[in-house]
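Student: I am new to this structure and would like a close look at one part of it. Please choose a single residue as a starting point, and work outwards from there.

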Amino acid sequence: MRRLTWFNTTSLTLGFAFLYLPMVILVIYSFNSSKLVTVWAGFSTKWYGELMRNEAFLDAAW
Amino acid sequence: MRRFALIAIPYFWLLALFLVPFAIVFKISLSDIALSIPPYLPQLDLAKGWEGFTKFLGALDFENFEFLMMDDLYYKAYLSSLKIAAISTFLTLLIGYPIAYAMTRAGEEWRPTLLMLVILPFWTSFLIRVYAWIGILGQEGFLNQTLMFLGLTSEPLIILNTPIAVYIGIVYTYLPFMILPIYSALEKLDNSLLEAAEDLGCSRITAFWLVTFPLSRGGIIAGCFLVFIPTLGEFVIPSLLGGSNTLMIGKVLWDEFFSNRDWPLASAVAVILLLILIIPIILFQRNEQKQRESEG
(Lines give C-alpha, C1' and ligand atoms only; values in the text may rest on other atoms or scores of the structure.)
Protein backbone atom coordinates (compact mmCIF):
# COMPACT_ATOMS: atom_id res chain seq x y z
CA MET A 1 0.00 0.00 0.00
CA ARG A 2 1.14 3.50 -0.75
CA ARG A 3 1.73 5.77 2.19
CA LEU A 4 0.28 9.23 2.51
CA THR A 5 2.90 11.95 2.51
CA TRP A 6 2.64 14.74 5.06
CA PHE A 7 1.42 16.94 2.24
CA ASN A 8 -1.45 14.56 1.48
CA THR A 9 -2.43 14.32 5.13
CA THR A 10 -2.31 18.09 5.59
CA SER A 11 -4.46 18.77 2.55
CA LEU A 12 -7.04 16.20 3.62
CA THR A 13 -7.16 17.53 7.19
CA LEU A 14 -7.36 21.20 6.24
CA GLY A 15 -9.73 20.51 3.35
CA PHE A 16 -12.26 18.62 5.41
CA ALA A 17 -11.90 21.05 8.32
CA PHE A 18 -12.80 23.85 5.91
CA LEU A 19 -15.82 21.90 4.64
CA TYR A 20 -17.13 20.85 8.04
CA LEU A 21 -16.18 23.64 10.45
CA PRO A 22 -19.12 25.92 9.53
CA MET A 23 -21.56 23.08 10.04
CA VAL A 24 -20.04 22.05 13.37
CA ILE A 25 -20.15 25.65 14.58
CA LEU A 26 -23.75 25.89 13.48
CA VAL A 27 -24.67 22.80 15.50
CA ILE A 28 -22.81 24.07 18.58
CA TYR A 29 -24.49 27.46 18.42
CA SER A 30 -27.91 25.86 18.14
CA PHE A 31 -27.48 24.99 21.84
CA ASN A 32 -26.79 28.64 22.67
CA SER A 33 -29.29 30.18 25.07
CA SER A 34 -28.70 33.69 23.69
CA LYS A 35 -30.76 35.09 20.86
CA LEU A 36 -27.64 36.32 19.08
CA VAL A 37 -25.75 33.97 16.79
CA THR A 38 -22.33 35.14 17.85
CA VAL A 39 -22.61 35.65 21.59
CA TRP A 40 -22.39 32.56 23.76
CA ALA A 41 -24.65 32.82 26.82
CA GLY A 42 -24.70 29.28 28.09
CA PHE A 43 -25.94 25.83 27.11
CA SER A 44 -29.64 25.38 26.52
CA THR A 45 -32.00 23.34 24.38
CA LYS A 46 -34.63 26.07 24.31
CA TRP A 47 -34.38 26.60 20.54
CA TYR A 48 -35.29 22.97 19.96
CA GLY A 49 -38.33 23.50 22.16
CA GLU A 50 -39.22 26.61 20.13
CA LEU A 51 -38.86 24.57 16.96
CA MET A 52 -41.30 21.94 18.24
CA ARG A 53 -43.83 24.64 19.09
CA ASN A 54 -43.49 26.48 15.77
CA GLU A 55 -46.09 24.97 13.47
CA ALA A 56 -45.04 26.89 10.38
CA PHE A 57 -41.56 25.34 10.63
CA LEU A 58 -42.91 21.84 11.15
CA ASP A 59 -45.30 22.19 8.23
CA ALA A 60 -42.46 23.36 5.99
CA ALA A 61 -40.35 20.37 7.00
CA TRP A 62 -43.05 17.98 5.83
CA MET B 1 -34.53 4.01 -36.45
CA ARG B 2 -33.48 3.12 -32.93
CA ARG B 3 -30.45 5.29 -33.33
CA PHE B 4 -32.60 8.17 -34.40
CA ALA B 5 -34.77 7.75 -31.31
CA LEU B 6 -31.68 7.68 -29.10
CA ILE B 7 -30.41 10.95 -30.55
CA ALA B 8 -33.85 12.55 -30.62
CA ILE B 9 -34.46 12.22 -26.88
CA PRO B 10 -31.63 14.48 -25.68
CA TYR B 11 -32.33 16.93 -28.49
CA PHE B 12 -35.99 17.07 -27.56
CA TRP B 13 -34.96 17.63 -23.94
CA LEU B 14 -32.72 20.53 -24.94
CA LEU B 15 -35.36 21.99 -27.22
CA ALA B 16 -38.15 21.87 -24.65
CA LEU B 17 -36.21 22.85 -21.56
CA PHE B 18 -33.52 25.12 -22.93
CA LEU B 19 -34.28 26.53 -26.37
CA VAL B 20 -37.98 27.30 -25.81
CA PRO B 21 -37.44 29.07 -22.45
CA PHE B 22 -34.54 30.95 -24.00
CA ALA B 23 -36.72 32.05 -26.92
CA ILE B 24 -39.31 33.35 -24.45
CA VAL B 25 -36.67 35.27 -22.47
CA PHE B 26 -35.22 36.65 -25.70
CA LYS B 27 -38.66 37.82 -26.83
CA ILE B 28 -39.24 39.56 -23.48
CA SER B 29 -35.85 41.27 -23.82
CA LEU B 30 -37.04 42.85 -27.07
CA SER B 31 -40.27 44.12 -25.49
CA ASP B 32 -40.98 47.34 -23.62
CA ILE B 33 -41.81 47.66 -19.95
CA ALA B 34 -45.50 48.28 -19.28
CA LEU B 35 -47.93 48.50 -16.40
CA SER B 36 -49.83 45.35 -17.16
CA ILE B 37 -49.85 41.66 -16.39
CA PRO B 38 -47.35 40.34 -17.45
CA PRO B 39 -45.44 43.64 -17.14
CA TYR B 40 -44.28 44.04 -20.74
CA LEU B 41 -45.63 44.85 -24.20
CA PRO B 42 -46.33 43.83 -26.97
CA GLN B 43 -48.16 40.59 -26.44
CA LEU B 44 -49.00 38.32 -29.31
CA ASP B 45 -52.70 38.30 -30.01
CA LEU B 46 -53.53 35.36 -32.24
CA ALA B 47 -57.14 36.47 -32.63
CA LYS B 48 -56.00 39.40 -34.83
CA GLY B 49 -54.44 37.07 -37.36
CA TRP B 50 -51.58 38.01 -39.68
CA GLU B 51 -51.97 41.73 -39.23
CA GLY B 52 -51.70 41.37 -35.47
CA PHE B 53 -48.55 39.30 -35.95
CA THR B 54 -46.78 41.88 -38.12
CA LYS B 55 -47.76 44.60 -35.67
CA PHE B 56 -46.36 42.46 -32.88
CA LEU B 57 -43.04 42.03 -34.71
CA GLY B 58 -42.86 45.73 -35.45
CA ALA B 59 -43.14 46.58 -31.76
CA LEU B 60 -40.05 44.55 -30.86
CA ASP B 61 -36.73 46.38 -30.76
CA PHE B 62 -33.22 46.30 -29.29
CA GLU B 63 -33.78 49.31 -27.02
CA ASN B 64 -32.98 47.36 -23.85
CA PHE B 65 -29.66 46.16 -25.25
CA GLU B 66 -28.78 49.71 -26.28
CA PHE B 67 -29.57 50.83 -22.75
CA LEU B 68 -27.27 48.14 -21.35
CA MET B 69 -24.44 49.42 -23.54
CA MET B 70 -24.98 53.03 -22.52
CA ASP B 71 -25.09 52.57 -18.77
CA ASP B 72 -21.76 51.97 -17.03
CA LEU B 73 -23.33 49.94 -14.24
CA TYR B 74 -24.03 46.85 -16.34
CA TYR B 75 -20.68 46.83 -18.06
CA LYS B 76 -18.94 47.08 -14.68
CA ALA B 77 -21.15 44.38 -13.16
CA TYR B 78 -20.34 41.95 -15.98
CA LEU B 79 -16.61 42.61 -15.67
CA SER B 80 -16.65 42.34 -11.90
CA SER B 81 -18.60 39.05 -12.10
CA LEU B 82 -16.12 37.67 -14.61
CA LYS B 83 -13.24 38.67 -12.37
CA ILE B 84 -14.80 37.19 -9.24
CA ALA B 85 -15.75 33.97 -11.06
CA ALA B 86 -12.25 33.58 -12.56
CA ILE B 87 -10.43 34.20 -9.30
CA SER B 88 -12.70 31.93 -7.30
CA THR B 89 -12.43 29.15 -9.88
CA PHE B 90 -8.65 29.38 -9.66
CA LEU B 91 -8.73 29.34 -5.85
CA THR B 92 -11.11 26.39 -5.82
CA LEU B 93 -8.76 24.49 -8.14
CA LEU B 94 -5.78 25.37 -5.97
CA ILE B 95 -7.53 24.05 -2.85
CA GLY B 96 -9.48 21.24 -4.47
CA TYR B 97 -6.70 19.56 -6.44
CA PRO B 98 -4.53 18.59 -3.43
CA ILE B 99 -7.61 17.24 -1.66
CA ALA B 100 -8.69 15.14 -4.66
CA TYR B 101 -5.09 13.97 -5.11
CA ALA B 102 -4.74 12.97 -1.46
CA MET B 103 -8.05 11.10 -1.65
CA THR B 104 -6.71 8.87 -4.42
CA ARG B 105 -3.49 8.35 -2.46
CA ALA B 106 -5.40 7.10 0.56
CA GLY B 107 -5.93 3.37 0.86
CA GLU B 108 -8.77 1.63 -0.99
CA GLU B 109 -10.72 1.08 2.21
CA TRP B 110 -10.74 4.82 2.97
CA ARG B 111 -11.91 6.05 -0.40
CA PRO B 112 -15.68 5.47 -0.08
CA THR B 113 -15.67 7.25 3.29
CA LEU B 114 -13.72 10.22 1.92
CA LEU B 115 -15.97 10.42 -1.12
CA MET B 116 -19.00 10.36 1.16
CA LEU B 117 -17.50 13.18 3.23
CA VAL B 118 -17.17 15.34 0.10
CA ILE B 119 -20.79 14.73 -0.91
CA LEU B 120 -22.30 14.97 2.58
CA PRO B 121 -22.39 18.81 2.82
CA PHE B 122 -25.03 18.76 0.05
CA TRP B 123 -27.41 17.14 2.47
CA THR B 124 -27.80 20.36 4.42
CA SER B 125 -29.26 23.44 2.85
CA PHE B 126 -26.83 25.54 0.84
CA LEU B 127 -28.45 28.65 2.31
CA ILE B 128 -27.81 27.54 5.89
CA ARG B 129 -24.18 26.76 5.14
CA VAL B 130 -23.66 30.22 3.63
CA TYR B 131 -25.50 31.73 6.58
CA ALA B 132 -23.12 29.96 8.97
CA TRP B 133 -20.30 31.98 7.42
CA ILE B 134 -22.01 35.21 8.52
CA GLY B 135 -21.64 33.99 12.08
CA ILE B 136 -18.02 33.03 11.51
CA LEU B 137 -16.78 36.09 9.60
CA GLY B 138 -18.71 38.85 11.37
CA GLN B 139 -17.00 41.50 13.51
CA GLU B 140 -17.90 39.61 16.67
CA GLY B 141 -17.91 36.31 14.90
CA PHE B 142 -16.20 33.06 15.65
CA LEU B 143 -13.06 33.83 13.63
CA ASN B 144 -12.43 37.25 15.16
CA GLN B 145 -13.10 35.96 18.67
CA THR B 146 -10.60 33.15 18.15
CA LEU B 147 -7.96 35.43 16.66
CA MET B 148 -8.33 37.96 19.47
CA PHE B 149 -8.35 35.24 22.12
CA LEU B 150 -5.06 33.93 20.74
CA GLY B 151 -3.71 37.46 20.71
CA LEU B 152 -2.98 37.40 16.98
CA THR B 153 -4.98 40.57 16.34
CA SER B 154 -5.90 43.36 18.68
CA GLU B 155 -8.85 44.63 16.68
CA PRO B 156 -11.50 42.61 14.87
CA LEU B 157 -10.74 42.11 11.19
CA ILE B 158 -13.39 43.35 8.82
CA ILE B 159 -14.10 40.48 6.47
CA LEU B 160 -17.87 40.25 6.25
CA ASN B 161 -19.37 42.51 3.55
CA THR B 162 -16.10 42.64 1.62
CA PRO B 163 -15.11 40.73 -1.54
CA ILE B 164 -12.95 38.41 0.61
CA ALA B 165 -16.08 37.03 2.26
CA VAL B 166 -17.60 36.43 -1.19
CA TYR B 167 -14.51 34.49 -2.28
CA ILE B 168 -14.60 32.39 0.88
CA GLY B 169 -18.30 31.67 0.40
CA ILE B 170 -17.93 30.70 -3.27
CA VAL B 171 -14.88 28.50 -2.72
CA TYR B 172 -16.60 26.82 0.22
CA THR B 173 -19.84 26.17 -1.67
CA TYR B 174 -18.34 24.96 -4.93
CA LEU B 175 -15.34 23.01 -3.60
CA PRO B 176 -17.08 19.59 -3.93
CA PHE B 177 -17.84 20.36 -7.60
CA MET B 178 -14.12 20.78 -8.19
CA ILE B 179 -12.99 17.80 -6.10
CA LEU B 180 -15.33 15.20 -7.61
CA PRO B 181 -14.36 15.38 -11.32
CA ILE B 182 -10.63 15.67 -10.50
CA TYR B 183 -10.93 12.73 -8.13
CA SER B 184 -12.60 10.59 -10.77
CA ALA B 185 -9.91 11.52 -13.34
CA LEU B 186 -7.09 10.76 -10.91
CA GLU B 187 -8.62 7.51 -9.70
CA LYS B 188 -8.50 6.06 -13.21
CA LEU B 189 -4.82 6.89 -13.52
CA ASP B 190 -2.66 3.83 -14.11
CA ASN B 191 -0.12 3.63 -11.32
CA SER B 192 2.37 1.73 -13.48
CA LEU B 193 2.87 4.92 -15.51
CA LEU B 194 4.21 6.65 -12.42
CA GLU B 195 6.42 3.69 -11.61
CA ALA B 196 7.77 3.75 -15.17
CA ALA B 197 8.47 7.46 -14.88
CA GLU B 198 10.35 6.94 -11.64
CA ASP B 199 12.29 4.02 -13.12
CA LEU B 200 13.32 6.29 -15.96
CA GLY B 201 14.79 8.73 -13.51
CA CYS B 202 12.01 11.21 -12.77
CA SER B 203 11.79 12.60 -9.29
CA ARG B 204 8.34 12.28 -7.72
CA ILE B 205 7.59 15.93 -8.31
CA THR B 206 8.68 15.84 -11.96
CA ALA B 207 6.67 12.65 -12.45
CA PHE B 208 3.65 14.46 -11.06
CA TRP B 209 3.98 17.37 -13.51
CA LEU B 210 4.83 15.17 -16.50
CA VAL B 211 2.37 12.30 -15.95
CA THR B 212 -0.30 12.87 -13.31
CA PHE B 213 -1.14 16.49 -14.02
CA PRO B 214 -1.57 16.20 -17.83
CA LEU B 215 -3.65 13.03 -17.42
CA SER B 216 -6.00 14.76 -14.98
CA ARG B 217 -6.60 17.61 -17.44
CA GLY B 218 -10.11 16.39 -18.30
CA GLY B 219 -11.10 16.45 -14.63
CA ILE B 220 -9.61 19.91 -14.15
CA ILE B 221 -11.49 21.32 -17.13
CA ALA B 222 -14.78 19.73 -16.04
CA GLY B 223 -14.30 21.02 -12.50
CA CYS B 224 -13.46 24.54 -13.67
CA PHE B 225 -16.57 24.69 -15.86
CA LEU B 226 -18.73 23.36 -13.02
CA VAL B 227 -17.43 26.12 -10.73
CA PHE B 228 -17.07 29.01 -13.19
CA ILE B 229 -20.48 28.82 -14.86
CA PRO B 230 -22.72 28.93 -11.76
CA THR B 231 -20.39 31.42 -10.04
CA LEU B 232 -20.71 33.94 -12.86
CA GLY B 233 -24.45 34.35 -12.28
CA GLU B 234 -24.24 33.81 -8.51
CA PHE B 235 -26.73 35.85 -6.55
CA VAL B 236 -27.16 34.38 -3.07
CA ILE B 237 -23.54 34.39 -1.90
CA PRO B 238 -22.73 38.01 -2.85
CA SER B 239 -25.99 39.25 -1.33
CA LEU B 240 -25.48 37.43 1.97
CA LEU B 241 -21.72 37.85 2.41
CA GLY B 242 -20.71 40.70 0.11
CA GLY B 243 -22.97 43.48 1.32
CA SER B 244 -23.28 46.46 -0.98
CA ASN B 245 -19.55 46.48 -1.79
CA THR B 246 -19.63 43.60 -4.24
CA LEU B 247 -21.08 44.22 -7.66
CA MET B 248 -22.21 41.07 -9.44
CA ILE B 249 -24.47 40.68 -12.44
CA GLY B 250 -26.72 38.17 -10.63
CA LYS B 251 -27.57 40.83 -8.07
CA VAL B 252 -28.19 43.45 -10.76
CA LEU B 253 -30.51 41.03 -12.53
CA TRP B 254 -32.41 40.31 -9.33
CA ASP B 255 -32.89 44.03 -8.65
CA GLU B 256 -34.11 44.73 -12.19
CA PHE B 257 -36.57 41.87 -12.00
CA PHE B 258 -37.94 42.11 -8.46
CA SER B 259 -37.29 45.70 -7.32
CA ASN B 260 -37.71 47.65 -10.56
CA ARG B 261 -40.07 45.08 -12.07
CA ASP B 262 -38.39 45.76 -15.40
CA TRP B 263 -38.71 42.31 -16.93
CA PRO B 264 -37.52 43.31 -20.42
CA LEU B 265 -34.28 44.83 -19.15
CA ALA B 266 -33.69 41.90 -16.78
CA SER B 267 -34.19 39.54 -19.73
CA ALA B 268 -31.67 41.48 -21.81
CA VAL B 269 -29.15 41.17 -18.94
CA ALA B 270 -29.78 37.41 -18.88
CA VAL B 271 -29.40 37.02 -22.66
CA ILE B 272 -26.02 38.77 -22.61
CA LEU B 273 -24.91 36.69 -19.61
CA LEU B 274 -25.75 33.54 -21.56
CA LEU B 275 -23.79 34.78 -24.60
CA ILE B 276 -20.80 35.55 -22.39
CA LEU B 277 -20.89 31.95 -21.19
CA ILE B 278 -21.69 30.17 -24.44
CA ILE B 279 -19.22 31.81 -26.82
CA PRO B 280 -16.05 30.79 -24.93
CA ILE B 281 -17.42 27.25 -24.43
CA ILE B 282 -18.03 26.84 -28.16
CA LEU B 283 -14.58 28.23 -29.01
CA PHE B 284 -13.02 25.91 -26.46
CA GLN B 285 -14.81 22.83 -27.80
CA ARG B 286 -13.82 23.67 -31.35
CA ASN B 287 -10.22 24.00 -30.25
CA GLU B 288 -10.40 20.63 -28.48
CA GLN B 289 -11.82 18.98 -31.55
CA LYS B 290 -9.10 20.44 -33.75
CA GLN B 291 -6.48 19.12 -31.37
CA ARG B 292 -8.02 15.67 -31.34
CA GLU B 293 -8.12 15.61 -35.13
CA SER B 294 -4.50 16.64 -35.44
CA GLU B 295 -3.48 13.98 -32.93
CA GLY B 296 -5.59 11.23 -34.54
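Tutor: Leaving out residues up to four places away in sequence, Ala266(B) touches Leu253(B), Glu256(B) and Phe257(B). Here a contact means that the two C-beta atoms, placed from the backbone, lie within 7 Å. Please keep in mind that this is a predicted model, in which local features need pLDDT of at least 70 and side-chain atom pairs count only at pLDDT 80 or more, while totals for chains, interfaces and linings use all residues. As for the names, residues are numbered from 1 along each chain as its sequence is written, and chains are lettered from A and ligands numbered from 1 in the order in which they are written.

Ala266(B) sits in helix 14 of chain B. Helices (H or I, at least four residues) and strands (E, at least two) are DSSP runs, numbered from the N terminus. Ala266(B) is buried, because 23 other C-beta atoms lie within 10 Å. The cut-offs count C-beta atoms placed from the backbone: 20 or more others within 10 Å make a residue buried, 12 or fewer exposed, and anything in between partly exposed. Ala266(B) also has a partner far off in sequence: its C-alpha atom is 9.2 Å from that of Val25(B), 241 residues away along the chain.

Just before helix 14, Arg261(B) lies in the loop between helix 13 and helix 14 of chain B. Arg261(B) is partly exposed, with 13 other C-beta atoms within 10 Å. Its phi is near 50 degrees, a positive value in a residue other than glycine. Asn161(B), with a phi of about 65 degrees, is likewise positive without being a glycine. You will find Asn161(B) in the loop between helix 7 and helix 8 of chain B, where it is partly exposed, with 19 other C-beta atoms within 10 Å. A further backbone feature is the cis peptide bond from Leu41(B) to Pro42(B), with omega near 0 degrees; Pro42(B) belongs to the loop between strand 2 (40–41) and helix 2 (49–59) of chain B. For background, most residues other than glycine have a negative phi, and most peptide bonds are trans.

Now look at the interior. The largest nonpolar core has 54 residues, and Ala100(B), Ile179(B), Ile182(B) and Val269(B) touch the most other members. A nonpolar core is a set of buried Ala, Val, Leu, Ile, Met, Phe, Trp, Tyr and Cys residues joined through C-beta atoms within 7 Å. The elements giving two or more residues to this core include helix 4 (72–105), helix 13 (249–259) and helix 14 (263–295) of chain B. Helix 8 of chain B gives the most, with 16 residues. Ile179(B), apart from its neighbours within four places in sequence, is in contact with Gly96(B), Ile99(B), Ala100(B) and Val118(B).

Next, follow helix 8 to its packing partners. The axes of helix 8 (residues 163–187) and helix 11 (residues 217–232) of chain B come within 7 Å and cross at roughly 160 degrees. Axes are lines fitted to C-alpha atoms, for helices over the stretch in contact, and angles run from 0 to 180 degrees between N-to-C directions. Helix 8 and helix 11 of chain B are therefore roughly antiparallel; angles under 35 degrees count as roughly parallel, over 145 as roughly antiparallel, 65 to 115 as roughly perpendicular and the rest as oblique. Among the helix 8 residues that meet helix 11 of chain B are Ile170(B), Tyr174(B) and Phe177(B). The residues of this contact divide into 12 nonpolar, five polar and no charged. Ala, Val, Leu, Ile, Met, Phe, Trp, Tyr, Cys and Pro count as nonpolar, Asp, Glu, Lys and Arg as charged, and the others, Gly among them, as polar.

Helix 6 and helix 8 of chain B have axes that come within 11 Å and cross at roughly 140 degrees, so these two helices are oblique to each other. Helix 6 of chain B contributes Phe126(B), Val130(B), Trp133(B) and Leu137(B) to that contact. By class, the contact of helix 6 with helix 8 of chain B has seven nonpolar, two polar and no charged residues.
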